[in-house]
Amino acid sequence: PQLVPEISAEMLQAITPGVVVDRVPRLMRRSGICVPLSARGRSVGVLSLLSDEPYSEPDVTYAVDLGRRAALALDNANQYAFQRDLAVTLQRSLLPRQLATGPGFTAAARYLPGAQGTQVGGDWYDAIEVEDGLVLVVGDVMGRGVRAAAQMGQLQATVRAYALDGHGPAAILTRLDKVVLAVEDLHFTTCVVVHLDPVRCIAVLASAGHLPPLLVCADGTTSLLELDPGLPLGVGGATFVEREVELGAGALLLLYTDGLVESRDSPVDSGLARLLAAMSAPVGDIEQVCDRVLVALGRDGGHDDDTAVLAVQLASARPLLELVLPCVPEAARTARHALRALLPGDPDVAELLVTEVVANAVRHAGRGGVTMRAHLLSGLLRVEVLDSSPDLPPGAGDPGPEAESGRGLLLIEAFAERWGATPTQGGKCVWFELPL
């Protein structure tokens with residue numbers, strides 16, 4: 001600390017450029033105090049006080065105490081800003097940089113960190129492409145700051161691993177619950193997982209204490225999907241229940257965290273009502289949908305909590321061909337001829353593959369019948385064959401020279417761009433995709 005009882009002309013001349021030295025005496029005060037702003041062992045600035053009246057030693061004592069308090073406040077603010085920037089950077093780096101894209105759907109998402117002095121939380125979203133569709137995830141880790149963002153990253157990576165391994169929504173949440181219980185630093189987490197089949201327009205959903213997704217049908221009808229809410233992850237002993245919903249072509253599914261619909265001034269029920277009202281207007285572009293709900297709920301400026309929003313809209317195209325076939329050998333020929341009439345050009349490969357899949361379904365379906373569907377999606381042909389047998393086909397391995405079956409899968413593996421088999425409520429669905 002420095003006390004200058006009287007500022008002399010020599011001092012002014014030493015610290016002032018010569019061009020303005022004549023004007024300085026009329027601007028400067030007669031006495032001054034300078035004290036360092038020090039906090040936690042380092043200097044963050046200096047406090048300078050000037051007065052027309054001479055300062056004394058007691059004034060220095062007060063100035064030192066004032067400087068100490070100001071330095072601590074400044075250092076706290078700097079540390080908070082640093083930690084918040086670190087958490088935001090970590091959070092954004094863990095979220096997907098680019099959402100999954102496909103011929104049957106479009107997706108958009110938004111993440112907004114909390115504003116007005118709040119810390120970043122653990123909200124996240126993800127859209128994971130799997131063999132038979134898309135897995136959508138939105139979750140919220142309880143807690144704030146860098147730790148919540150890091151925990152979010154752990155859970156996000158775990159969900160991706162389970163989804164890519166072929167587990168359904170309830171199985172993913174069950175396994176994720178065990179992870180949260182096993183890792184000491186992980187906090188309670190709410191989460192909703194959706195397995196979406198964009199071609200069949202079917203979603204299978206399960207919730208772990210999360211808010212219900214919002215569905216907007218092609219005719220403009222809006223509703224909150226009623227799910228078994230379940231317990232948050234990390235509570236223990238939870239059972240997660242799946243619900244299958246037929247969305248319909250052109251439908252939009254919106255997933256979100258509680259930061260969108262809940263604040264200190266608005267309860268959840270009021271926020272959900274405002275969300276439904278905001279989505280009652282025509283949907284339009286999916287990117288505009290995300291912006292619309294953020295503006296309608298007041299999350300485009302001074303919101304309290306961080307917010308994640310994920311929207312997926314299905315294509316409006318319906319199957320161009322749907323056949324219900326009897327379980328007789330002639331069914332493969334009927335499917336082949338119908339596909340030939342549908343496709344332009346030379347459909348030999350498509351005919352070959354649909355013959356193999358339908359013939360295999362007829363062999364195993366018994367009396368349940370076989371259904372074949374064909375979709376044309378942005379230059380891509382997708383054929384689905386559904387039967388009543390729950391037995392999934394084995395992988396396309398070498399059946400060996402003595403085997404009487406199994407070579408059809410080798411043809412599908414060789415010629416299809418993608419193929420797979422998915423369990424259904426009444427049996428299974430075997431599908432393949434070919435570029436046109």
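**Exercise 1. Ser31 and its polar partners**

Task: Find which backbone nitrogen the side chain of Ser31 reaches, and at what distance.

Solution.
- Step 1. In this predicted model, look from the side chain of Ser31 to the backbone nitrogen of Tyr55; the distance is 2.9 Å.
- Step 2. Now turn to Pro5. Its backbone oxygen lies 3.1 Å from a polar atom of the Ser31 side chain.
- Step 3. Place the residue. Ser31 belongs to strand S2, residues 31-39.
- Step 4. Widen the view, skipping neighbours within four places in sequence. Ser31 then touches Val4, Pro5, Ile7, Leu49, Leu50, Ser51, Glu53, Pro54 and Tyr55.
- Step 5. Decide on burial. The relative accessibility of Ser31 is 0%, so Ser31 counts as buried.

**Exercise 2. The loop after S2**

Task: State where Arg40 lies and what is notable about its phi.

Solution.
- Step 1. Arg40 sits in the loop between S2 and strand S3 (42-51).
- Step 2. Check the backbone. The phi of Arg40 is positive, about 55°, although Arg40 is not a glycine.

**Exercise 3. From S7 into the next loop**

Task: Determine whether His195 is buried or exposed, and do likewise for Cys201.

Solution.
- Step 1. Locate His195 in strand S7, which covers residues 189-197.
- Step 2. Read its accessibility. His195 has a relative accessible area of 14%; buried means under 20%, so His195 is buried.
- Step 3. List its contacts beyond four places in sequence. They are Val130, Asp132, Leu134, Val135, Pro169, Ile202, Ala203 and Val204.
- Step 4. Move on to Cys201. This residue is in the loop between S7 and strand S8 (202-208).
- Step 5. Cys201 has a relative accessible area of 8% and is buried.
- Step 6. Add the backbone angle. Cys201 has a positive phi of about 60°, yet is not a glycine.

**Exercise 4. Helices H9 and H10**

Task: Work out how the axes of H9 and H10 are arranged, and which residues make the contact.

Solution.
- Step 1. Know what to look for. A packed pair of helices is described by the distance between the axes and the angle between them.
- Step 2. Apply this. The axes of H9 (residues 330-342) and H10 (residues 348-365) come within 8 Å and cross at roughly 150°.
- Step 3. Name the arrangement. Angles over 145 degrees count as roughly antiparallel, so H9 and H10 are roughly antiparallel to each other.
- Step 4. Give the hand. H9 passes H10 in a right-handed crossing.
- Step 5. Collect the residues. H9 contributes Ala331, Ala332, Ala335, Arg336, Leu339 and Arg340, while H10 contributes Ala350, Glu351, Val354, Thr355, Val358, Ala359 and Val362.
- Step 6. Sort them by class. The contact has 9 nonpolar, 1 polar and 3 charged residues.
- Step 7. Zoom in on Ala332 of helix H9. Beyond four places in sequence, Ala332 is in contact with Thr355, Val358 and Ala359.
- Step 8. Check its burial. Ala332 has a relative accessible area of 8%, so Ala332 is buried.

**Exercise 5. The loop between H9 and H10**

Task: Decide whether Gly345 is buried or exposed.

Solution.
- Step 1. Find Gly345 in the loop between H9 and H10.
- Step 2. Its relative accessible area is 72%, so Gly345 is exposed.
- Step 3. Look across to Leu436, 91 residues away along the chain. The C-alpha atoms of Gly345 and Leu436 are 9.1 Å apart.

**Exercise 6. The whole chain**

Task: State how many helices and strands the chain has, and what share of its residues is buried.

Solution.
- Step 1. The chain holds 11 helices and 18 strands.
- Step 2. Of its 436 residues, 46% are buried.
- Step 3. Consider contacts with a separation of 6 or more. Residues 24 or more positions apart account for 66% of them.

Conventions:
Residues numbered from 1 in each chain as written. Predicted model: local features only at pLDDT ≥ 70, side-chain atom pairs only at ≥ 80, totals over all residues. Heavy atoms only, no water. Axes fitted to C-alpha atoms, helices over the stretch in contact; angles between N-to-C directions. Helix = DSSP H or I, 4+ residues; strand = E, 2+ residues; numbered from the N terminus. Parallel < 35°, antiparallel > 145°, perpendicular 65-115°, else oblique. Left-handed = near helix turned anticlockwise from the far one by under 90°. Contact = heavy atoms within 4.5 Å. Nonpolar A, V, L, I, M, F, W, Y, C, P; charged D, E, K, R; others polar. Buried < 20%, exposed > 50% of the residue type's maximum accessible area, 1.4 Å probe, protein only. Polar contact = N/O pair within 3.5 Å; in protein donor to acceptor, adjacent residues only side chain to side chain.
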